[in-house]
Amino acid sequence: MKFLLSTLLILSIYSIDLYAKSKHILILQSYNKGLVWTDNISKGIEDTLLLQKNHYELTTEYMDTKKINSKEYIHSLYQLFAMKMKKQTFDAIIVADNDAVEFALEYEKTLFKNTPMVFCGIDKRDPGLDINIILKKNIPLILESKEIKINMNFISKILPNLKNLYIINDYTGASVLVNHTYEKEAEELEKKGIKTVLNFDGNLEKIEKDIKNLPKNSAILFGSLFRDKYGNYIPYYDVNRVLTSSKVPLFSVSDSHFGKGVIGGYLLRSYGLGEAAAKETIKILEKDPTPSINPIIVPSQWAFDYKIVQKYHINMSKIPKESIIINLPKSFLKEIEKLSNTLLFFFLFYLSHLFLQ
């Protein structure tokens with residue numbers, strides 16, 4: 001009994017000591033849980049922190065601005081946070097996407113005074129805010145690279161018979177910042193004889209009807225769709241249902257619907273943003289003497305769904321070699337495993353030969 005009590009006492013002291021030493025990080029998300037984009041940022045942060053020797057405690061707050069984003073609402077959020085921050089302190093804050101970044105900058109002195117922050121999810125070409133202000137405050141900045149031009153050019157090359165390209169984006173938050181790029185690149189495709197249709201209104205019924213009536217030799221490029229032009233929120237799975245009803249190849253500029261009917265493309269991967277933000281936060285908390293002074297750009301990645309590529313009879317040789325490929329057939333994976341085992345055997349044989357000489 002004495003041994004048991006002693007063990008429990010030691011464990012309780014250890015746990016108290018561990019909690020005292022653990023760093024508490026706030027993740028401030030612009031949007032809501034359940035969005036693949038938001039969830040992947042959080043997963044990138046969580047996975048990176050789990051690999052560390054030191055313990056980090058996480059709290060996540062969701063601003064939910066894809067559903068509501070009025071001045072009155074933001075002020076109410078401020079009041080809620082002001083109440084919470086009376087009882088909570090954080091060692092660092094990771095702020096994701098434009099709305100949360102603007103909120104953090106607006107209320108930095110009243111809510112997050114003397115708390116180091118890391119910003120992520122800001123577009124490098126169309127940031128929507130003054131990046132120099134952030135850099136002057138010595139706040140590490142993780143920029144995303146939304147490659148609209150690369151994707152549109154790639155679609156026209158991989159589909160040599162392409163005659164029509166249907167482009168979907170909306171007017172919410174950071175989405176509206178890149179609409180001019182879609183318009184500009186659409187004009188370039190028109191010069192090549194490819195008719196483009198831009199749908200930024202967010203009318204899901206019209207989009208569904210348009211998709212069903214797309215003529216032969218058409219394709220779709222999806223940007224984002226969260227609200228219609230009247231401000232009504234469109235659930236993620238409703239959008240995905242409409243997208244997967246497509247009978248023509250569907251490409252995207254981000255991974256928000258990747259693995260759920262999208263062929264792929266040069267995709268912005270939100271997991272990488274979270275991963276990079278976590279690494280910068282660790283530098284701050286562990287007093288790393290070499291902080292990142294300049295913005296860190298997380299590049300897009302070529303990524304494709306093998307099943308959808310095959311569905312539209314696209315030649316895999318046209319897919320960039322460095323691409324991430326999901327849903328490869330088991331037979332293909334077995335061949336890769338056999339090749340890897342063969343290469344490993346020859347490598348070990350070569351090493352043994354060197355040591356025996």
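Colleague: Let's fix the classes up front: Ala, Val, Leu, Ile, Met, Phe, Trp, Tyr, Cys and Pro count as nonpolar, Asp, Glu, Lys and Arg as charged, and the others, Gly among them, as polar. On that basis, how many residues of each class are in the lining of the largest cavity?

Modeller: The lining has 13 nonpolar, nine polar and four charged residues. Bear in mind that this is a predicted model.

Colleague: What's the volume of that largest cavity?

Modeller: About 310 Å³.

Colleague: Which residues lie nearest its centre?

Modeller: Trp37, Lys146, Ser175, Ser224 and Phe226. They belong to a lining of 26 residues. Helix H2 (36–50) and H10 are the elements that give two or more residues to that lining.

Colleague: How many cavities of 30 Å³ or more turn up in the whole structure?

Modeller: The search finds two. The second largest has a volume of about 40 Å³.

Colleague: And what lines the second largest cavity?

Modeller: Its lining is Tyr31, Thr65, Lys66, Asn69, Asp99, Thr172, Gly173 and Arg227. By class, one is nonpolar, four are polar and three are charged.

Colleague: Switching to pockets. What volume does the largest pocket have?

Modeller: About 370 Å³. Its lining comprises 19 residues, with Lys137, Asn138, Ile139, Pro140 and Ile284 nearest the centre.

Colleague: Which helix gives the largest share of that lining?

Modeller: Helix H11 (residues 270–285), with three residues. Taken by class, the lining of the largest pocket divides into nine nonpolar, four polar and six charged residues.

Colleague: How much space lies in the second largest pocket?

Modeller: About 200 Å³. The residues lining it are Met63, Asn69, Ser70, Lys71, Ile74, Asp99, Glu102, Phe103, Glu106 and Tyr107. Helix H3 (71–85) and helix H4 (98–106) are the elements that give two or more of them.

Colleague: Which element has the largest share there?

Modeller: H4, with four residues. The class split for the second largest pocket is four nonpolar, two polar and four charged.

Colleague: You mentioned H2 and H11. At what angle do they pack?

Modeller: About 40 degrees, with their axes 7 Å apart. Roughly parallel means under 35 degrees, and H2 and H11 are therefore oblique to each other. The crossing of H2 past H11 is right-handed.

Colleague: Which residues in H2 and H11 meet?

Modeller: From H2 come Val36, Trp37, Asn40, Ile41, Lys43, Gly44, Ile45, Asp47, Thr48 and Leu49. On the H11 side there are Ser270, Tyr271, Leu273, Gly274, Glu275, Ala278, Lys279 and Ile282. By class, that contact has nine nonpolar, five polar and four charged residues.

Colleague: So Trp37 is in two places?

Modeller: Yes. Trp37 is in the H2 contact with H11. Trp37 is also among the residues nearest the centre of the largest cavity.

Colleague: One more pair. How do the axes of H9 and H10 cross?

Modeller: Helix H9 (residues 204–212) and helix H10 (residues 236–243) cross at roughly 15 degrees, and their axes come within 9 Å. The cut-off for roughly parallel is under 35 degrees, so H9 and H10 are roughly parallel to each other. H9 passes H10 in a right-handed crossing.

Colleague: What meets what in H9 and H10?

Modeller: H9 brings Leu204, Ile207, Glu208 and Ile211, and H10 brings Asp238, Val239, Arg241 and Val242. Five of the residues in this contact are nonpolar, none are polar and three are charged.

Methods:
Residues numbered from 1 in each chain as written. Predicted model: local features only at pLDDT ≥ 70, side-chain atom pairs only at ≥ 80, totals over all residues. Heavy atoms only, no water. Axes fitted to C-alpha atoms, helices over the stretch in contact; angles between N-to-C directions. Parallel < 35°, antiparallel > 145°, perpendicular 65-115°, else oblique. Left-handed = near helix turned anticlockwise from the far one by under 90°. Contact = heavy atoms within 4.5 Å. 1 Å grid on protein atoms, 1.4 Å probe; cavity = no way out; pocket = protein on both sides within 12 Å on 5 of 7 lines; lining within 4 Å. Points joined across faces, edges and corners; volume = space filled by probe spheres on them.
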